[in-house]
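This report goes through one protein model, beginning with its cysteines and moving on to its cores, one tryptophan and its pockets.

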Amino acid sequence: MSRYDVLGDWGTSNLRLFRVQDGRITAQREGPGIGEVGRQAESAFAQAIAPWLEDGAPAEIRLCGMAGARDGWVEAPYATCPADADEWRAAAIRFDWRGTPISIMAGLTCTGADGVPDVMRGEETQIFGACAAHPELAQGRHLFVLPGTHNKWTLVENGRVAAFRTVPTGELFALLRDRSTLGPKDATGDVDQESAGFAEGLDRASDARLLTTLFAARSMRLRSGKSADWALGYLSGLLIGCEIAEVRATLAHSGDVVLIGDQRLSARYAMALDVQGVGSRLLDGQSCALAGLGFMEN
């Protein structure tokens, strides 16, 4: 049996494991996220990796993300910003699991100019991975945006994460969609209508006046004949557009943005950035995470 390592990205919603042999990914496994398994993370991991263990134990295991959260497998520390990749890796928590050395990567923490602390777990792996896979991003000053439930806007200077700010736009959208009178419950999946609503939401977000424009998601249905799909698109465009206008002003960055994450959501952010005159570059989140964990695709 040839030597193999296991790399894993364990988020709140999903576990993704990669078996690496001879510099190649030879197999993948998936499992439930930390949000579902919580303190039963070790047994969930053992179940997910069981078919590979039949071939022998891995030589090494490296995990990033919520595996190191307080309610995850084993709590890993936070490296304090500014931090580079070496400082981040040094902060990982390491122990032995069934005879195999395992590393659970650290998160990052910073304190904003307003005195508010912030944290991330998992996104830093993608950022450092992007810098490793694309060396030009480790030179100079760049603004990374990682869209998701809790979006991370991150300033990187010469490969060091200098500061970041978390914006819970994805969570707010889900709450408005599912738990408020603004979110229609009868959408049919009409892509054209949703796209039209998204475009209008972006347009109305140009002044970053979120609270005074939110109710249009409901009133435009009642008085202007807009559809449920239009309203969902409108909410998405308005939230994303207002987020971009507000955070860009906070971080005082005027250059292009590097987007890392889900392709569909990143494409929406690219469109919203373009409306506000900002260029962007899209990178695949999984590839960046693997690079951050030490695997570089050929």
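How many disulfides does the count come to? In this predicted model, the count comes to zero disulfides.

Two of the cysteines can be described individually. Cys 64 takes part in no disulfide, its nearest cysteine sulfur being that of Cys 288, 12 Å away, and at 0% relative accessibility Cys 64 counts as buried. Cys 131 likewise has its closest cysteine sulfur in Cys 288, and because the separation is 9.0 Å, that sulfur is too far for a bond. Cys 131 is also buried, with a relative accessible area of 8%.

**Nonpolar cores**

In soluble globular proteins, nonpolar side chains tend to be buried together. In this model the largest nonpolar core has 34 residues, and those with the most contacts inside it are Leu 108, Phe 144, Val 161 and Ile 260. At least two residues of this core come from each of the strands β2 (14-21), β8 (107-111), β10 (141-146), β12 (160-167) and β13 (257-261), and from each of the helices α3 (85-90), α4 (123-133) and α10 (285-292). Helix α4 gives the largest share, four residues. Apart from this core lies another, of 22 residues, which includes Tyr 4, Leu 15, Ile 34 and Ala 67.

Once residues up to four places away in sequence are set aside, Leu 108 touches Tyr 78, Ala 79, Cys 81, Ala 83, Trp 88, Asp 118, Val 119, Met 120, Glu 124, Phe 128, Val 161 and Phe 164. One of these partners, Val 161, is itself listed with Leu 108 among the residues with the most contacts inside the largest core.

**Trp 73**

Trp 73 sits in the loop between β4 (60-65) and β5 (78-80). Why does Trp 73 count as buried? Trp 73 is buried because its relative accessible area is 12%, and the cut-off for that term is under 20%. Leaving out residues up to four places away in sequence, Trp 73 touches Trp 10, Arg 39, Ala 41, Glu 42, Phe 45, Leu 63, Ala 67, Phe 95, Trp 97, Ile 102 and Ile 104. Ala 67, one of these partners, is among the residues of the 22-residue core. The C-alpha atoms of Trp 73 and Gly 33 are separated by 11 Å, although the two residues are 40 apart along the chain.

**Pockets**

The two pockets are set side by side below.

| Pocket | Volume | Lining | Largest share of lining |
|---|---|---|---|
| Largest | about 1200 Å³ | 38 residues | α10, four residues |
| Second largest | about 320 Å³ | 17 residues | α5, five residues |

Gly 11, Thr 12, Glu 123, Gly 148 and Thr 149 are the lining residues that lie nearest the centre of the largest pocket. The elements giving two or more residues to its lining are β1 (5-10), β2, β9 (117-120), α4, β13, α9 (263-275) and α10, and by type the lining divides into 14 nonpolar, 15 polar and nine charged residues.

In the second largest pocket, the lining residues nearest the centre are Gly 170, Phe 173, Ser 236, Leu 265 and Arg 268. Here α5 (169-179), α8 (228-251) and α9 each supply at least two lining residues, and the lining divides into eight nonpolar, five polar and four charged residues. Helix α9 thus appears in the lining of the largest pocket and in that of the second largest.

Note on methods:
Residues numbered from 1 in each chain as written. Predicted model: local features only at pLDDT ≥ 70, side-chain atom pairs only at ≥ 80, totals over all residues. Heavy atoms only, no water. Core = buried A, V, L, I, M, F, W, Y, C linked by side-chain atoms within 4.5 Å. Buried < 20%, exposed > 50% of the residue type's maximum accessible area, 1.4 Å probe, protein only. Contact = heavy atoms within 4.5 Å. 1 Å grid on protein atoms, 1.4 Å probe; cavity = no way out; pocket = protein on both sides within 12 Å on 5 of 7 lines; lining within 4 Å. Points joined across faces, edges and corners; volume = space filled by probe spheres on them. Nonpolar A, V, L, I, M, F, W, Y, C, P; charged D, E, K, R; others polar. Disulfide = S-S within 2.5 Å.
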